[in-house]
Amino acid sequence: MPVEITWWGHATCTVEDSGARVLTDPLFARRLAHLRRRRGALPPERARSADLVLVSHLHADHLHVPSLAALPAGTRVVVPRGALRAVPALRRLGGLRLTEIGPGEEAAHGDLTVRAVSAAHDGRRLPVGPRRSPALGYVVSGEARTYFAGDTGLFDGMAEEVGTVDVALLPVGGWGPFLGHGHLDAGRAAEALARLAPRSAVPVHFGTYWPIGMDGVRPHEFHSPGDEFVRLAAVRAPRVAVHLLTHGESVRPEVAR
């Protein structure tokens with residue numbers, strides 16, 4: 001079966017490969033603190049079905065405990081090393097099988113291997129807490145090699161650590177009008193794409209959540225990152241096929257044979 005990528009919004013994707021379903025950073029909330037889902041329906045029930053769930057870091061829009069609690073009992077969830085200590089609520093999710101890993105470590109499911117890689121991002125559980133857990137990206141290897149970047153900025157050695165991949169799921173925006181250190185905007189994501197040189201890319205982490213009351217403040221920051229990434233990627237990495245998905249849309253990207 002061809003590899004299939006579905007984008008549910010924000011950083012939540014399903015990667016279907018080698019007969020397994022991998023779910024990234026599940027966020028099934030209509031509202032999260034000061035954020036409101038502004039585009040796309042909530043992911044349907046079938047989005048919760050996964051053989052393996054990957055959590056990239058401890059920020060609440062990526063490690064969302066209520067969304068994890070909605071997963072079927074027995075689901076295996078991979079989290080950054082130290083997450084169970086930093087987020088005590090995880091220990092109450094007794095129906096899930098939680099596995100902690102760090103950069104360079106691997107987890108396996110059937111014919112799939114998942115390797116954790118570094119991310120240049122604040123790994124703390126905000127708004128308080130010491131830096132106890134690294135932010136991660138993941139490379140999912142089966143019939144294809146798919147890189148899920150989580151949240152990250154550009155960093156030296158990114159391409160070497162990630163290695164050769166067929167598909168890159170790259171963040172290109174955020175949930176507010178400003179992106180600080182440790183994030184990729186459309187331009188930096190296009191530069192990352194040029195360094196990684198995958199066959200295909202899917203932009204994520206944009207156009208889903210926006211602060212309540214800020215609808216009229218720089219709305220282009222909410223709407224434009226996906227289109228801007230497509231435009232800049234065509235200049236910086238013209239050989240990469242970029243798939244700009246709508247919420248709930250799927251693609252079967254070309255992979256090496």
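Q: What makes Leu54 a residue with a bridge partner in strand 7?
A: In this predicted model, Leu54 is matched with Val78 of strand 7 as its bridge partner. The two strands concerned are strand 6 (residues 52-54) and strand 7 (residues 76-80), which run parallel and are joined by 3 bridges. Because pairing requires at least two bridges between two strands, the 3 bridges found here qualify strand 6 and strand 7 as a pair.

Q: How do you know which strands stand at the edges of the sheet with the order 8-7-6-3-2-1-17?
A: This open sheet has 7 strands with mixed pairing. Strand 8 (97-101) and strand 17 each have a single partner strand, so one side of each has no neighbour in the sheet, and that is what places them at the edges.

Q: What makes strand 9 and strand 16 edge strands?
A: They belong to an open sheet of 7 strands in the order 9-10-11-12-13-14-16, with mixed pairing. Strand 9 (106-109) and strand 16 are its edge strands, since each of them pairs on one side only.

Q: How do you know that strand 9 and strand 10 pair, and in which sense do they run?
A: The two strands, of which strand 10 covers residues 112-118, run antiparallel and are joined by 4 bridges. Set against the requirement of at least two bridges, the 4 bridges are enough, and strand 9 and strand 10 therefore count as paired. Ala108 stands opposite Thr113 in strand 10. The two strands form a hairpin with 2 residues between them, and Gly110 in the turn has a positive phi of about 55°.

Q: In what sense do strand 12 and strand 13 pair, and over how many bridges?
A: Strand 12 and strand 13 pair in the parallel sense, over 3 bridges. Tyr147 is found opposite Ala168 in strand 13.

Q: Why are the buried residues of helix 4 said to line one face of the helix?
A: The buried residues of helix 4 are Ala186, Ala189, Ala190, Ala192, Leu193 and Leu196. Viewed down the axis of helix 4, they fall within an arc of 160°, so they line one face. An α-helix has 3.6 residues a turn, so residues three or four places apart point the same way.

Q: What do the buried residues of helix 4 pack against?
A: They pack against strand 12 (145-148), helix 3 (158-162), strand 13 (167-171), strand 14, helix 6 (225-236) and strand 16 (241-242). Helix 4 lies across strand 12, strand 13, strand 14 and strand 16, running at about 160° to strand 13. At the start of the helix, a side-chain oxygen of Asp185 comes to within 3.2 Å of the backbone nitrogen of Gly187, and the helix is followed by Ala197, whose phi is positive, near 50°.

Q: Why is the contact between Arg199 and Glu254 called a salt bridge?
A: The N to O distance between their side chains is 3.0 Å. Since the cut-off for a salt bridge is 4 Å, the pair of Arg199 and Glu254 at 3.0 Å meets it, and the name therefore applies. This pair links distant parts of the chain, with Arg199 in the loop between helix 4 (186-196) and strand 14 (200-204) and Glu254 in the segment after strand 17 (250-251), 55 residues apart.

Q: Are Arg199 and Glu254 exposed or partly exposed?
A: Arg199 has a relative accessible area of 37% and is partly exposed, while Glu254, at 54%, counts as exposed. Exposed means over 50% and partly exposed lies between 20% and that value, so 54% puts Glu254 in the exposed class.

Q: How do you know that Arg48 and Glu45 form a salt bridge?
A: Their closest N and O atoms are 3.7 Å apart, and because the limit is 4 Å, Arg48 and Glu45 qualify. Glu45 is exposed at 58% relative accessible area, whereas Arg48 counts as partly exposed at 25%.

Q: Why is Glu16 called buried?
A: Its relative accessible area is 17%, and since buried means under 20%, Glu16 falls in that class. Arg21 forms a salt bridge with Glu16, with the closest N and O atoms 3.5 Å apart.

Q: Why is Pro253 called buried?
A: Pro253, in the segment after strand 17, has a relative accessible area of 7%, which is under the 20% cut-off, and it is therefore buried. Leaving aside residues up to four places away in sequence, Pro253 touches Val3, Ile5, Val167, Ser200 and His243.

Definitions and conventions
Residues numbered from 1 in each chain as written. Predicted model: local features only at pLDDT ≥ 70, side-chain atom pairs only at ≥ 80, totals over all residues. Heavy atoms only, no water. Buried < 20%, exposed > 50% of the residue type's maximum accessible area, 1.4 Å probe, protein only. Arc of directions from axis to C-beta. Contact = heavy atoms within 4.5 Å. Polar contact = N/O pair within 3.5 Å; in protein donor to acceptor, adjacent residues only side chain to side chain. Axes fitted to C-alpha atoms, helices over the stretch in contact; angles between N-to-C directions.
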